[in-house]
Amino acid sequence: MVRHGGKILSDQLVKLGVRRVFSVPGESFLAALDGLYDSDIQNVVCRQEGGAAMMAEAYGKMTGQPGVCFVTRGPGATNASAGIHIAMQDSTPLVLFVGQIDNRHTDRETFQEMDYKSLFGGLAKWVAQVDHTDRLPEYIARAFRVATSGRPGPVVLALPENMLSAQADVADLRLPDIILQPVPGDAIQAIMHALGQAEKPLVVVGGPHWNRQAQADLQAFAERQDVPIVSGFRRQDYMDNHHSHFAGDLNVGVNPRLAARLRAADMLVLLGTRFGDIETQGYTLVDPANPQKHIVHVHADAGEIGRVYTPDVGIVAAAPAVLRQLADAEPAGNWADWTADARADYEAWIIPQESPGALKQEDVIKWLSDNLPDDAIITNGAGNYAAWLHRYFIYKQYGTQLAPTSGSMGYGFPAAISAAIEYPDRTVVCLAGDGCFQMTCNELSTAVQHGAKPIVIVMNNGRYGTIRMHQEKTYPGRVSGTALANPDFAALARAYGGFGVLVTRSEDFPAAFAAAQAAGTVAVIECKVDEEALATSATLSAVRKAVLS
């Protein structure tokens, strides 16, 4: 059947099971938009390409299938690069289609011309340009395979406009059925043998491929071996935080006792995690050159084994597949006291510490943790406000945390829109700082247009809080470039057709949240935060005084 390139593309996406794409339209891919017109694929039209790519990335995180994003050439592609960076660092499958100039005019610096292999070469797993219409199915199928294989990540395909509008007679392709080899029994034996030699083992989980079964298997493994489980940065939902063997997460503002425990451990079992600089506090807790502990590393990508830390045992496999077998392994030792102490350290850490002001972030997070449904999805971007979330929110189920391990600001709101569209019957809450929210708040329009109903909680302290904290630690009292002039966030939400309310006291937050839920639309709860509330364990004045004294 002869079809134009845009129709071939949309039919191939249907064949691959794509249900939804995120886009900002451009004249460079009009044929693709035309192809989508007759398909059953939902096109979520966004307001800026960065937000569109972040929504697609969040879709990939939630489903394990590639998020799909369409953007136009030049500035559209550069805007989308923020989402590509997140997908790469977070190991999330994503396919970005970029409209491209007519390829007969290449190298003339044609309007918005860019070399996408150069632009995205260091950001994506694979970058290619499709110059022949009849090869579209081949390139698209390969893009999906690359995005999901090994360590998942983003793929970028450039689509010249003349190629898309041209016609060809070519069949659609389907992805092959991949039969995974079972994890060899000697690999499980090697893990258990190494674990049996340890006096102070610590299991660190993270990375891609996780699911609810993996969470159940992890908890069964922890109980059977009586070992403490620690999550990597922003992977707190990989285990029920109420579980007696959960010992906390290795984040930017890590529990000092957990940091000391990581340093003291004589055995690390790394399941799926890359175990990078955030988990190790800039590689200070575990020295790559001299770890002073035995390491077992399980990862789906052979390139990650020994990339930073040389393990004593390296196993190339997806962590959930290994956990399926570890869950039934015979106990290898007795670490009951070590595990109980690790849990006690965690429980002491999550007791709320009072911060200054009438609106206390610890009160808000504690209320959310105690009152939201167990399957509520919590999203966030980056900023000091997130430290309260990481410390005080108790994640109960897998698939309830959407946050960028890349530390990208602006991520939380687009991710919340994506989650609310994917799961319209679940509660979706975005926690954002005033600076973080303003990077993507224009997507309020997208939420209204597509019926997404996330509740956004904006912690407004009138500054870029994380940078101000570092500023006070390095150049105390010399405030430069971190103050913000903010809008009335509640009024902004109402201007877009959503719900908005201002909260200035902790005791007023529950009623405000109930009103936001009852509104039946996207909602913004602006929380006025005291300027002194710099971090969960420090005030602005205390940090400045400590440096000056």
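This section describes the overall dimensions, a parallel sheet, two helix pairs and several individual residues of a predicted model.

The protein chain comprises 21 helices and 22 strands. Its radius of gyration is 24 Å, close to the 24 Å that the globule rule gives for 549 residues, so the chain is as compact as a globular protein of that length. Along the principal axes, the C-alpha atoms occupy a box of roughly 70 × 60 × 45 Å. Of the 549 residues, 57% count as buried. The accessible surface of the chain amounts to about 21500 Å², and carbon and sulfur atoms contribute 49% of that area. Among contacts with a sequence separation of 6 or more, 76% are made by residues 24 or more positions apart.

One element of the fold is an open sheet of 6 strands, arranged in the order S3-S2-S4-S5-S7-S6 with parallel pairing. Strand S3 (42-45) and strand S6 (126-129) stand at the edges; each has a single partner strand, so one side of each is left without a neighbour in the sheet. On average, and with direction ignored, neighbouring strands of this sheet are turned by 20 degrees against each other. In general, strands of a sheet pair through backbone hydrogen bonds, in either a parallel or an antiparallel manner. For the edge strand S6, the partner is strand S7 (residues 154-160), to which S6 is joined by 4 bridges in a parallel arrangement. Within this pairing, Trp126 has Val155 of S7 as its bridge partner. Helix H4 lies across strand S4 (67-71), S5 and S7, and runs at about 165 degrees to S5.

Two residues in loops that adjoin S5 have an unusual backbone setting. Most residues other than glycine have a negative phi. Ser91, however, has a positive phi of about 55 degrees although it is not a glycine. Ser91 is located in the loop between helix H4 (75-89) and S5, and it counts as buried because its relative accessibility is 6%, under the 20% limit. Glu109 likewise has a positive phi, near 50 degrees, and is a residue other than glycine. The position of Glu109 is in the loop between strand S5 (94-100) and helix H5 (116-120). With a relative accessible area of 73%, over the 50% limit, Glu109 is therefore exposed. Glu109 and Arg257 are separated by 148 residues in sequence and, from C-alpha to C-alpha, by 56 Å in space.

Two further residues are buried and have contacts beyond their sequence neighbours. Asn162 belongs to helix H7 (residues 161-165). The relative accessible area of Asn162 is 18%, which is under 20%, so this residue counts as buried. When neighbours within four places in sequence are left aside, Asn162 is in contact with Ile101, Asp102, Asn103 and Arg104. Thr427 is found in the loop between helix H15 (412-422) and strand S17 (428-433). Thr427 is also buried, at a relative accessible area of 16%. Residues up to four places away in sequence not being counted, Thr427 touches Leu372, Pro373, Ala376, Ile377 and Gln517.

Helix packing was examined for two pairs. Two packed helices are described by the angle between their axes and the distance between the axes. In the pair formed by helix H8 (residues 185-196) and helix H11 (residues 319-326), the axes come within 10 Å and cross at roughly 75 degrees. This angle falls between 65 and 115 degrees, so H8 is roughly perpendicular to H11. Ile188, Ile191 and Met192 make the contact on the H8 side, and Val322, Gln325 and Leu326 make it on the H11 side. For helix H18 (residues 465-474) and helix H21 (residues 540-548), the axes come within 8 Å and cross at roughly 25 degrees. Because that angle is under 35 degrees, H18 and H21 are roughly parallel to each other. At this interface, Arg468, Glu472 and Lys473 of H18 meet Leu540, Val543, Arg544 and Val547 of H21.

Notes:
Residues numbered from 1 in each chain as written. Predicted model: local features only at pLDDT ≥ 70, side-chain atom pairs only at ≥ 80, totals over all residues. Heavy atoms only, no water. Buried < 20%, exposed > 50% of the residue type's maximum accessible area, 1.4 Å probe, protein only. Pairing = 2+ DSSP bridges. Axes fitted to C-alpha atoms, helices over the stretch in contact; angles between N-to-C directions. Contact = heavy atoms within 4.5 Å. Rg over C-alpha atoms; globule rule 2.2 N^0.38 Å. Areas by Shrake-Rupley, 256 points an atom, 1.4 Å probe, with all protein chains shown as cover. Parallel < 35°, antiparallel > 145°, perpendicular 65-115°, else oblique.
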